[in-house]
Amino acid sequence: MFDDRELWKQISAGNADAFTAWYGDTAPRLRAFLRHLTGSEPAADDLMQETYTHIWRRPEGFEADRGTLRAWLFGIARKQAAEWWRKQRPSDPLPDDRSARAVAETNSILADAFNHLPPDDRALLWLREVEGHSYAELAAILDVPIGTVRSRLFAARESLRDVWHSAAPAKGGRS
Amino acid sequence: MTPMFQCEDAAEYVSALADGETIPSAFAQHIGSCAACQARLHDYLAMGVELRLVASVDADDTLPALSIDRRRTSRSLWKKGLETMRIPKFAFALLIVAVVVLASSLTIVKVGAHSSGSVLMLNVTAPGDTHFKCAIDTRLTPGQCIVIGSVERTMSGFQFTVLARDDDRVQLGVRTKVAMAPSTGTSSMGSADVKDQPQTRYWFEPGQTLKIDVDSLGSLTVAGKWMDHVPTMVNENQLDPNENELRIVSPLLLRDKQVVGDMEGGTAVAPGNSNVAMIYLPGTGRFLLSNTPMQHATQANVKLNRISFDVNGAHYLFLMGAPVTRSDKIWVLYQPDFIPRSGGEGGFIGSGELRQIAPEAVLPANH
């Protein structure tokens, strides 16, 4: 088991075995993140591949002083996903497999509500709630001040709560 | 006295509280006594739990295989297809030197415990006590360097390529070309001339020495070490140029404020007043730079790492990665029609004696 610096030293030196092992450790959660960010399994798999390929080709981008390797990985994936969204023409229909499997398996109203949020809100909430990144890490990933992280998280939660409540009115009113 | 808050005022702090952050006391008191804020907090926490539940289901999939192919494509260090050259210090007068031809991809190699870098720095000793350094970035494919220079009375070119790596050892492919240098007139050798030569393979381990016999020249002794970066090799890495020395480091050329050439990483040193530096840019031509006047040359102003001059109504500015010379004036001869013998597809940087590189630019003795 390596710490971030040692692992990155190995990867930077071109150790493909170390990189593949790291992929095995991190890819499942990254894939889930990208699925919910794009709403498309094929797109998520493509972006995941692009993310790891990007890192493999440009390992010099990681700065251990700025955050963890995982935070850096998710930050790159988020940017890849943002670029993917940017290329989606307004007339393009939304992907029709919007995390359908996950929704079906959890039967979660909230998951459905989550998938109706703007991509930026989805990314932020996922990175905080699921990946557990700290405010400082989120600030580094999003390249914004910590105060902005707090306000954006609040706005994203409120948006999700709005959609959630409207989808399940029985949950009660809002303040 | 507890300040009065609306729930909207405290809502952002409810979110922070859900994240485990501490919040100002006044807001904490309000949230603790406000049913609506507590309902919001409950919702936020429940949303987090639901999301993690979704993620747990989703992350339990079989992963697709990672297709990195164990080959790494690196960003090209060369712009617009220019072939850049790096010139180490030579203990002899340079004619043309070209080192480090970088390509656009790399081979993944195994890294052993003793390795501490991906750059192989070769120290080569040639006949006549000629020394040169040659840095090979093994993350590139081909990871190689080319050195062309004057050795004894020959014009010699050497290409070193890392073909494979096994722990600290590397398999080096070596090509050599030796030509007798004419005593007068121009002489040149390009990287293409060296690349055409047959390649001999050697296993080499940094820390040990490798002897390579070269026909018509003698033996090369190769030593080396692993480094973590490609160093800038400008006369023992001193930033301040030596007396009468002219240095070209990573030049970027602007014509009327438009970039017309970028030779990032290219380096050349012209020691002494009889030597000039040269920069060739495909489609633009050749620039000869000298500390002393040349026939038909233009005087240029030098400020540390900048050279500015005007030719044919256009303003030129060379931006370098290091101070150019100790003088504040140099001379630039622009030859827009110059085509190198190799055909001019790749740009290059070099240095050499003016009387050999461009005898027509040598001023008459009585000037």
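In chain A of this predicted model, contacts between residues 24 or more positions apart make up 64% of those with a separation of 6 or more. The fold of chain A is helical. Nine helices are present, and zero strands. Along the sequence the pattern reads α-α-α-α-α-α-α-α-α. Chain A has 175 residues, and 52% of them are buried. Its accessible surface is about 7900 Å². Carbon and sulfur atoms contribute 51% of that surface.

Aromatic rings form pairs in the model. The count over all chains is 19 aromatic pairs. One of these joins Trp22(A) and Tyr52(A). Their ring centres are 5.7 Å apart, and the planes meet at 75°. The geometry is therefore edge-to-face, since planes over 60 degrees apart fall in that class. Trp22(A) belongs to helix H2 (residues 16-38), whereas Tyr52(A) belongs to helix H3 (residues 41-57). The pair thus ties together parts of chain A that are 30 residues apart in sequence. Both partners are shielded from solvent. Trp22(A) has a relative accessible area of 5% and is buried. Tyr52(A) is buried too, at 0% relative accessibility.

The pair is part of a wider group. Ring pairs connect Trp8(A), Phe19(A), Trp22(A), Tyr23(A), Tyr52(A), Trp56(A) and Trp72(A) into a cluster. One cluster member, Trp56(A), also touches Asn15(A).

Asn15(A) lies in the loop between helix H1 (4-12) and helix H2 of chain A. This loop residue has a relative accessibility of 15%. Asn15(A) therefore counts as buried, because the cut-off is under 20%. Its side chain makes polar contacts on two sides of the loop position in sequence. With the side chain of Gln10(A), the polar contact is 2.7 Å. A polar atom of the Asn15(A) side chain also lies 3.1 Å from the backbone nitrogen of Asp17(A). Leaving out residues up to four places away in sequence, Asn15(A) touches Gln10(A) and Trp56(A). Gln10(A) thus appears both as a polar partner and in this set of contacts.

Charged side chains also meet aromatic rings. The charged end of Arg157(A) sits over the ring of Tyr44(B), 5.7 Å from the ring centre. This arrangement joins a residue of chain A to a residue of chain B. A second case involves two residues of chain B. There, Arg169(B) lies over the face of Trp203(B), 4.1 Å from the ring centre.

Notes:
Residues are numbered from 1 along each chain as its sequence is written. Chains are lettered from A and ligands numbered from 1 in the order in which they are written. This is a predicted model: local features need pLDDT of at least 70, side-chain atom pairs count only at pLDDT 80 or more; totals for chains, interfaces and linings use all residues. Side-chain values use heavy atoms; hydrogens and water are left out. Helices (H or I, at least four residues) and strands (E, at least two) are DSSP runs, numbered from the N terminus. Buried means under 20% relative accessible area, exposed over 50%, partly exposed in between (1.4 Å probe, protein chains only). Contact means heavy atoms within 4.5 Å. Accessible areas come from the Shrake-Rupley method with a 1.4 Å probe; for residues, only the protein chains shown count as cover. Rings of Phe, Tyr and Trp (its six-membered ring) pair if their centres lie within 6.5 Å; planes under 30 degrees apart count as stacked, over 60 as edge-to-face and the rest as tilted. A charge sits over a ring if NZ of Lys or CZ of Arg is within 6 Å of the ring centre and within 35 degrees of the ring normal. A polar contact is a pair of N or O atoms within 3.5 Å; within protein, one must be able to donate a hydrogen and the other to accept it, and residues adjacent in sequence count only if both atoms are side-chain atoms.
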